[in-house]
Amino acid sequence: MAFRQLEQVKKRKPFALWDLLVYAVLALFIVVLFVVFVFAADKSPIDGIELVYDEKTIYTYSFTDGAEIAKGWESRIEEQTDGDILTVTFYEDEARTEYNVISIDLAARTAKVTDTNCSRHKDCMYMKPVATPDGVIVCVPHGLKILALNGEENWDDPVLG
């Protein structure tokens with residue numbers, strides 16, 4: 001009986017009609033998800049950025065109103081302007097040894113981490129710039145998040161580091 005079943009399996013086609021139908025439906029589903037998430041994403045420009053440390057907003061920069069440093073953080077946040085680039089340095093500790101340097105491009109309305117000493121890999125430097133409301137940069141060793149002012153936290157994209 002086992003020999004007869006083996007012969008039947010050998011004579012069958014590699015894919016039955018229902019197999020092909022299931023694969024076609026899955027492929028269509030993947031294409032629809034791709035179109036929805038890539039082309040329907042919110043790509044509107046941001047109003048500014050905010051730095052969040054330990055779940056508290058410590059710095060905000062609005063492209064219309066300028067910068068605001070939270071009370072008590074004046075000694076741990078420095079700003080420097082060079083043309084259309086505003087460089088904000090965040091010091092995690094009072095001794096100013098642990099830092100993140102965030103560059104805000106005023107013309108392009110984007111922000112990204114350009115220097116840090118948080119880890120060996122410095123993953124937050126290689127994350128996509130915050131340019132849309134769902135953009136986020138996370139530096140886990142320093143506990144810093146960089147978010148769009150008019151956005152929400154989006155945990156679909158970040159590389160944590």
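## Two loop arginines with positive phi

Arg 109 lies in the loop between S6 and strand S7, the latter covering residues 110-116, and in this predicted model its phi is near 60°, a positive value in a residue other than glycine. With a relative accessibility of 29%, Arg 109 counts as partly exposed, because that class covers the range between 20% and 50%.

A second arginine with a positive phi is Arg 96, where the angle is about 65° although the residue is not a glycine. Arg 96 is found in the loop between S5 and strand S6, which spans 99-105, and at 34% relative accessibility it counts as partly exposed. Such values deserve mention because most residues other than glycine have a negative phi.

## The four-stranded sheet

The loops that hold these two arginines join strands of an open sheet, whose four members follow the order S4-S5-S6-S7 with antiparallel pairing. The edge strands of this sheet are S4 and S7, each of which pairs on one side only. On average, and with direction ignored, neighbouring strands of the sheet are turned by 20° against each other.

At one edge, strand S4 (residues 77-82) and S5 pair in the antiparallel sense over six bridges, and one of the bridge partnerships is that of Asp 82 with Ile 85 in S5. S4 and S5 form a hairpin with two residues between them, and in the turn Gly 83 has a positive phi of about 70°. At the other edge, S6 and S7 run antiparallel and are joined by six bridges; here Ile 102 has Val 113 in S7 as its bridge partner.

## Salt bridges around the sheet and beyond

A search of the whole structure finds three salt bridges. Arg 96, already noted for its positive phi, takes part in one of them, in which its side chain meets that of Glu 78 at 2.8 Å, N to O. Glu 78 lies in strand S4 and Arg 96 in the loop between S5 and S6, so this pair ties together parts that are 18 residues apart in sequence. At 33% relative accessibility Glu 78 counts as partly exposed, and Arg 96, with a relative accessible area of 34%, is partly exposed as well.

Another salt bridge is formed by Arg 76 with Glu 94, the closest N and O atoms being 3.5 Å apart. This pair links distant parts of the chain, with Arg 76 in the loop between strand S3 (66-69) and S4, and Glu 94 in the loop between S5 and S6, 18 residues apart. Arg 76 is buried, with a relative accessible area of 11%, whereas Glu 94 is exposed, with a relative accessible area of 56%. There is also a salt bridge between the side chains of Glu 55 and Lys 145, at 3.4 Å, N to O. Its partners come from distant parts of the chain, since Glu 55 is in the loop between S1 and strand S2 (56-62) and Lys 145 is in strand S9 (residues 144-148), 90 residues apart. Glu 55 is exposed, with a relative accessible area of 63%, while Lys 145 is buried, with a relative accessible area of 9%.

## Aromatic pairs

The count of aromatic pairs, taken by a limit of 6.5 Å between ring centres, comes to five. One of them joins Phe 34 and Phe 39, whose ring centres are 6.4 Å apart and whose planes stand at 90°, so the pair is edge-to-face. Phe 39 counts as exposed, at 61% relative accessibility.

Another pair brings together Tyr 53 and Phe 90, with ring centres 5.4 Å apart and planes at 50°, so this pair is tilted. It links distant parts of the chain, as Tyr 53 is in strand S1 (residues 48-53) and Phe 90 is in strand S5 (residues 85-91), 37 residues apart. Tyr 53 is buried, with a relative accessible area of 17%, and Phe 90 likewise counts as buried, at 0% relative accessibility. Ring pairs also bring in Trp 73, which is linked with Tyr 53 and Phe 90 into a cluster; through Phe 90, a residue of S5, this cluster includes a strand of the S4-S5-S6-S7 sheet.

Notes. Residues numbered from 1 in each chain as written. Predicted model: local features only at pLDDT ≥ 70, side-chain atom pairs only at ≥ 80, totals over all residues. Heavy atoms only, no water. Phe/Tyr/Trp six-rings, centres within 6.5 Å; stacked < 30°, edge-to-face > 60°. Buried < 20%, exposed > 50% of the residue type's maximum accessible area, 1.4 Å probe, protein only. Pairing = 2+ DSSP bridges. Axes fitted to C-alpha atoms, helices over the stretch in contact; angles between N-to-C directions. Salt bridge = Lys/Arg side-chain N within 4 Å of Asp/Glu carboxyl O.
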